[in-house]
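Let us read a protein model together, one short question at a time. Keep the picture in view as you go.

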Amino acid sequence: MKIPNLQLGAGLCILGLMGASLTACKRESSTSSEASESRPTQESRYDQGTEMGVLLQALLDGTNHRENCIRLIYWKETLSGEDRALLMRFLLEEQPPALPEDQFAEAINEVLNLLHRDASDTSELVEILDEMASEEDRPATLRDYALQHLTQIHQAADKEDQAKIRARLFTEARRSDSPRAATALLSLAAIYERSLSGSIPTAVQPHELRELNQDEFTALLKSIIEAPASSPSQRATCLN
């Protein structure tokens, strides 16, 4: 099976694109930092007797935001069952009214990055991310992040969860009015190319990807490019 050379090129750079997107929210102004220092904290929702509980509560409060995100990035300890449960709980939090959307999105992203280090059980994470990607009231940035993280999990997930991930990506890719269509399409290309490279044995290649031929990829790209609801950045992503 072949996919268009155009799409293969886009697929091959998916990791770079996703990496750039996943770190896009990490730029914040000094004004935002100063504001977070003076923001009043809300009632504690996490056990302050554990290091992870203290850190997650601070992220939710928006205090010392940059420093706390860096602590997550460089977290060196093995995640305990309690730590993992707290991180999962944080993913279900609603954005606090006083916390800027970009800071909340960055906090969620860094929590997800930390959870990726522990691939012992991906089922709960897949379920949470699938729900996050489908919720209409979730911020657009978080829904896009959810698709990207689902793609990262795909290879380590079991067959049932892999099918769930691909179903979500196909749903979004076929919605030309969705701002996440291009992300989903590139994610499918990345999964397919991993199968070609041998990362996924030929015998267990997802049947949806074996059946995704050049005409269907071309049609998906064309529908995104031509859809009135598509943004310039979506069209540019499809053309790259």
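The questions below deal with a helix contact and with salt bridges in this predicted model.

Q: At roughly what angle do the axes of helix 6 and helix 7 cross?
A: Helix 6 covers residues 81-91, and helix 7 covers residues 101-116. Their axes come within 10 Å. The crossing is left-handed. The angle is roughly 145°.

Q: How many residues in the contact of helix 6 with helix 7 are nonpolar?
A: From helix 6 come Arg84, Leu87, Met88, Phe90 and Leu91. They meet Ala107, Ile108, Val111, Leu112, Leu114 and Leu115 of helix 7. One residue of this contact is charged and none is polar. The nonpolar count is ten.

Q: How many salt bridges does the model have?
A: Side chains of opposite charge can pair when their charged atoms come close. The cut-off used here is a Lys or Arg side-chain nitrogen within 4 Å of a carboxyl oxygen of Asp or Glu. By this rule the count is seven.

Q: Which residue forms a salt bridge with Arg45, and is that partner buried or exposed?
A: Arg45 sits in the loop between helix 3 and helix 4. Its partner is in the loop between helix 6 and helix 7, 48 residues apart from it. The closest N and O atoms are 3.1 Å apart. The partner has a relative accessible area of 6%, and buried means under 20%, so the answer is Glu93, buried.

Q: How far apart in sequence are the parts that Arg71 and Glu51 tie together?
A: Arg71 and Glu51 form a salt bridge, with the closest N and O atoms 3.4 Å apart. Arg71 is partly exposed at 34% relative accessibility, and Glu51 is partly exposed at 42%. Arg71 belongs to helix 5 and Glu51 to helix 4, so the pair joins parts separated in sequence by 20 residues.

Q: In the salt bridge of Glu106 and Arg66, which residue is buried?
A: The side chains meet at 2.4 Å, N to O. The pair links helix 7, which holds Glu106, with helix 5, which holds Arg66. Arg66 has 23% relative accessibility and counts as partly exposed. With a relative accessible area of 1%, the buried residue is Glu106.

How values were computed. Residues are numbered from 1 along each chain as its sequence is written. This is a predicted model: local features need pLDDT of at least 70, side-chain atom pairs count only at pLDDT 80 or more; totals for chains, interfaces and linings use all residues. Side-chain values use heavy atoms; hydrogens and water are left out. Axes are lines fitted to C-alpha atoms, for helices over the stretch in contact, and angles run from 0 to 180 degrees between N-to-C directions. Helices (H or I, at least four residues) and strands (E, at least two) are DSSP runs, numbered from the N terminus. A crossing is left-handed if the near helix is turned anticlockwise from the far one by less than a right angle, and right-handed if clockwise. Contact means heavy atoms within 4.5 Å. Ala, Val, Leu, Ile, Met, Phe, Trp, Tyr, Cys and Pro count as nonpolar, Asp, Glu, Lys and Arg as charged, and the others, Gly among them, as polar. Buried means under 20% relative accessible area, exposed over 50%, partly exposed in between (1.4 Å probe, protein chains only).
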